[in-house]
Amino acid sequence: MLAPIRTVSTERGTCPLLTVQPNRAQVDEKFQIVIMNLLPNQKVTLHSLHQSEDKDFWEAFGHYISDENGTVTVAKDESLGGTYEGTEQMGLLWSMRPVPGSRPGLRLRKMNILTPIVIHISVYNGHLSQDFSQQTPLASSVTERWYVAPGVQRVNIRENGVRGTLFLPPGPGPYPGVLDLWGGGGGLVEYRSGLLASHGFASMALEYLAPEELRTADVDVSYFEKAYQILQNHPKVHRDRMAMLGLSFGSAVTLSMAAYSKVIKPQCCVCISGSHVFPVDKSLFEVFEEMKKYMGRIYMNKENQVIHRDIILPIPSDPALKVDVGRIKCPLLLVNAGDDQNWASVESAEDMEMMMEKAGNRHLLTVLTYPDAGHLIEPPYSPHFRASNFILQEIKEKIVMLWGGQTKPHAYAQEDSWEKILTFLRQHLYFSSNFAVKAKL
Amino acid sequence: MYSLYRSVSTQKRTCPLLSVQPIRGLVDEKFKFVVTNLPPNQKVTLHSLHQSDDKDFWEAFGHYVSDEHGSVTGFKDESLGGTFEGTEPMGLLWSMRPTSGSRHGIRLRKRDTFRPMEVCISVYSGHISQGFSQQTPLATSVSERWYIAPGVKRVNIREKNLRGTLFLPPGSGPYPAVLDLWGGGGGLVEYRSAILASHGFASMALEYLGPEDLRLEDTDASYFERAYQILNNHPMVKKDNLAVLGLSIGSVITLNMVSYSKVIKPKCCVCISGSHLVPVNKSLFELFEQLKNHADKLRVNEDNQVIYRNLHLAISCESGKVDVGRIKCPLLLVNGDDDQTFPAVESAEDMAMMMEKAGNRHLLEILTYPGAGHLIEPPYSPHFRATKYKLQETNETIVMLWGGQTKPHAYAQEDAWKKILAFLWQHLSAP
């Protein structure tokens with residue numbers, strides 16, 4: 001018996017009601033937003049506001065018209081304008097962008113995931129597009145979005161030089177294990193692992209690029225193997241049900257390990273926005289030195305944004321320059337964006353497919369390509385960043401990196417790929433005992 | 001795309017699924033649990049476990065049999081035994097009791113309202129009644145129960161020797177407000193105010209028994225009037241849109257204030273398990289002196305539990321009753337007819353007669369719950385028939401018999417809360 005919170009509009013003598021259900025949800029969960037008690041055919045603006053951990057403000061808004069009962073149902077009604085248009089149940093989240101006047105090139109990422117994302121949702125009279133803070137809303141509601149489900153445990157991993165965070169699902173276990181690798185941005189990014197644990201996977205976010213703590217010369221194949229073993233040996237992890245999941249440079253690591261390592265033998269792998277060019281079979285220092293040779297292929301567009309994708313184009317035919325994906329023995333899911341401006345992941349996938357056809361393991365490969373999505377395919381409802389500030393590893397310089405993508409198709413890609421990634425992991429880690437079974441999605 | 005959490009049972013190669021929705025809810029919100037992927041007609045035990053802020057463990061369990069599809073559905077199926085029986089979707093919460101080996105006479109009360117109550121729900125094979133920690137469950141889910149909705153804010157109130165905590169609903173206000181008074185257990189008890197704020201009321205939990213810098217002699221009408229004014233004058237509170245809500249001695253104080261005070265003039269009052277048989281003429285010091293003087297009227301049953309209810313009747317013979325005929329606002333009384341601590345039902349009947357005579361009977365509404373005891377708390381709280389209690393008047397720790405039987409008491413808590421909220425909405429909504 002949850003009663004909606006009301007705020008009284010003293011001017012009109014009406015009491016518009018805004019409900020957001022559930023108002024404590026998991027990050028990948030949909031919410032239902034309904035506004036009631038408006039006048040019929042009233043123009044209103046639905047607005048979302050969030051203050052990030054970095055203290056920047058992010059917002060989104062949609063323009064609606066109430067029906068003859070004075071009701072707006074976001075899952076059914078169309079937004080006629082704003083930061084998103086059309087019938088978009090989650091538009092107030094994925095279309096968020098920094099408020100006017102913000103610092104440029106921002107990206108929204110939660111670092112402390114034991115606390116929720118707090119979003120203020122408000123209804124304003126009329127179709128507004130700015131100066132929301134100067135108006136009094138007709139109604140407002142606060143909603144929380146959590147990366148961790150109740151009972152998920154967070155464990156610091158500092159062992160043998162390996163740095164990471166392990167998230168364990170609630171209950172006695174054992175659980176399948178996922179080694180979770182982000183990209184060249186570095187640091188210890190936990191939120192995807194938190195979410196994976198909320199879906200029943202013991203997931204370890206691994207830190208492998210951390211200028212102060214780890215020297216790139218020290219991070220080589222054995223670093224990743226040690227990390228994998230720490231996860232595999234954990235008492236709550238099922239040692240025969242393991243996966244690796246990587247994004248961007250993390251995909252290169254994943255493919256290299258799956259192809260070459262005698263230690264890392266996962267039941268399946270997921271590579272998001274990645275490539276098999278530049279194998280990670282030596283230390284990261286040496287890999288970056290190798291990549292530096294091709295820096296001439298990187299250029300800047302008119303807006304001074306760096307387009308990185310050509311660094312691996314054309315895809316080399318010399319096998320020494322690519323991971324030998326013909327050696328991979330487990331199901332492999334590639335998730336790629338059609339407008340990836342950072343890595344030529346679509347072209348790489350085509351080449352990988354050819355190599356695996358020749359080697360006879362093509363049946364292990366599934367490729368998902370999302371038209372007009374950009375490089376940073378994140379968990380569902382995260383905002384889209386076409387470009388953002390970035391420190392380029394190869395040259396240690398601050399630039400603005402063009403990731404690519406258009407907001408609406410990118411949002412679709414995040415929502416659809418996440419569901420498919422979870423299904424893929426479940427299929428191979430919970431139900432299949434034979435890792436050579438073809439992945440059917 | 002909220003997906004069910006699973007844990008793999010590697011021995012059986014089955015994968016029973018337990019889903020609890022919502023996984024994060026308010027404490028007065030119902031949850032639904034469903035178990036699927038069991039073999040048909042399998043005996044299972046649904047078990048709930050919670051570790052309190054005081055570190056004690058509480059548990060409840062129900063014995064179910066899966067249907068022909070291998071499912072158990074909490075809101076449809078019957079528990080055949082355990083700490084609750086029958087079709088009781090919330091039984092796993094309200095029938096909780098301390099695990100065996102716990103300290104005696106404990107009560108479950110949330111101290112940190114900003115952290116949720118975590119309840120671990122598990123499915124075990126077979127009908128078991130003990131030794132849960134030695135078994136491996138078929139599936140587990142952890143559910144959170146929150147006293148605060150997102151956006152509720154907490155404000156410390158400290159003015160001179162007055163202590164309270166104000167909970168503000170989300171949004172910009174102003175809001176109708178509630179002055180929230182607990183009973184003789186004392187201290188600053190926040191959770192009811194927190195959940196009231198989650199329902200749109202600015203609610204102030206007031207501490208009036210216990211703080212070291214507050215003497216009983218100074219806790220008189222002016223103390224409560226000051227509290228009322230602080231609340232009424234708060235910038236986020238809709239002026240003169242206030243209610244007073246009390247339980248036990250808090251109800252006694254409420255009835256006294258609303259009958260006599262020139263300052264405290266709420267739009268409505270709610271008195272849970274109260275009594276008008278104890279006038280508070282001066283300060284609480286006098287009140288407790290009086291109670292002390294009549295301590296010989298306390299009865300103790302065979303289980304050494306103190307039955308307190310006769311004390312009020314004795315006092316009233318001496319000092320009269322609160323003149324409830326003077327009350328000018330709607331008054332809701334919520335009582336359990338097995339209240340062993342206060343003669344709440346008798347008091348309510350007498351109040352009805354007095355108000356009939358005085359001509360304000362139309363303001364009075366009485367809810368009497370058969371089989372319920374004294375401690376009528378927010379819904380799904382466990383029932384405590386008797387717990388350890390420190391008597392204010394003698395500083396003695398006794399075991400107080402509150403009364404009530406678990407199932408009717410749980411019903412009373414659920415129904416009374418709905419009616420209390422509706423009553424507050426009715427009288428505090430904007431004109």
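**Cis prolines, positive phi angles and a shared core in a two-chain model**

Pro314(A) sits in the loop of chain A that runs between strand E17 (306–307) and strand E18 (332–337). In this predicted model, the peptide bond leading into that proline from Leu313(A) is cis, with omega near -5 degrees. A second proline of chain A deserves a look as well: the bond from Gln21(A) to Pro22(A) is cis, and its omega is near -5 degrees. Pro22(A) belongs to the loop that links strand E1 (17–21) with strand E2 (24–26) of chain A. As helpful background, most peptide bonds are trans, and most residues other than glycine have a negative phi.

The backbone has points of interest in phi too. Asp131(A) is a residue other than glycine with a positive phi, near 55 degrees. Its position is in the loop between strand E8 (117–125) and strand E9 (139–146) of chain A, and Asp131(A) is partly exposed, with a relative accessible area of 44%. In chain B, Lys55(B) also has a positive phi, near 75 degrees, and is not a glycine. This lysine is placed in the loop from strand E4 (43–51) to strand E5 (57–65) of chain B. Lys55(B) is exposed, its relative accessible area being 59%.

Turning to the chains as wholes, chain A contains seven helices and 21 strands. Its radius of gyration is 23 Å, close to the 22 Å that the globule rule gives for 441 residues, so chain A is as compact as a globular protein of that length. The C-alpha trace of chain A extends over about 75 × 55 × 40 Å along its principal axes. Of the 441 residues in chain A, 62% are buried. Among the contacts of chain A with a separation of 6 or more, 70% join residues 24 or more positions apart. Chain A has an exposed area of about 17100 Å², with 49% of it supplied by carbon and sulfur atoms. Its 43 positive and 47 negative charges have mean positions 4 Å apart.

Chain B is built from eight helices and 21 strands. The radius of gyration of chain B is 23 Å, close to the 22 Å expected from the globule rule for 431 residues, so this chain is as compact as a globular protein of that length. Its C-alpha trace spans about 70 × 55 × 40 Å along the principal axes. In chain B, 63% of the 431 residues count as buried, and residues 24 or more positions apart make up 70% of the contacts with a separation of 6 or more. The accessible surface of chain B is about 16700 Å², and carbon and sulfur atoms hold 48% of it. There are 46 positive and 46 negative charges in chain B, with mean positions 4 Å apart.

The interior brings the two chains into one picture. The largest nonpolar core has 264 residues, and those with the most contacts inside it are Leu46(A), Phe224(A), Leu425(A), Leu46(B), Phe224(B), Val334(B) and Leu424(B). Helix H8 (residues 406–428) of chain B provides the largest share of this core, with 10 residues. Leu46(B) offers a friendly place to start exploring: leaving aside residues up to four places away in sequence, it touches several residues of chain B, including Leu18(B), Phe33(B), Val35(B), Phe61(B), Tyr64(B), Val72(B), Leu92(B), Ile121(B) and Val123(B).

How values were computed
Residues numbered from 1 in each chain as written. Chains lettered and ligands numbered in written order. Predicted model: local features only at pLDDT ≥ 70, side-chain atom pairs only at ≥ 80, totals over all residues. Heavy atoms only, no water. Helix = DSSP H or I, 4+ residues; strand = E, 2+ residues; numbered from the N terminus. Rg over C-alpha atoms; globule rule 2.2 N^0.38 Å. Buried < 20%, exposed > 50% of the residue type's maximum accessible area, 1.4 Å probe, protein only. Contact = heavy atoms within 4.5 Å. Areas by Shrake-Rupley, 256 points an atom, 1.4 Å probe, with all protein chains shown as cover. Lys, Arg positive; Asp, Glu negative; His and termini not counted. Charge placed at Lys NZ, Arg CZ, Asp CG, Glu CD. Core = buried A, V, L, I, M, F, W, Y, C linked by side-chain atoms within 4.5 Å.
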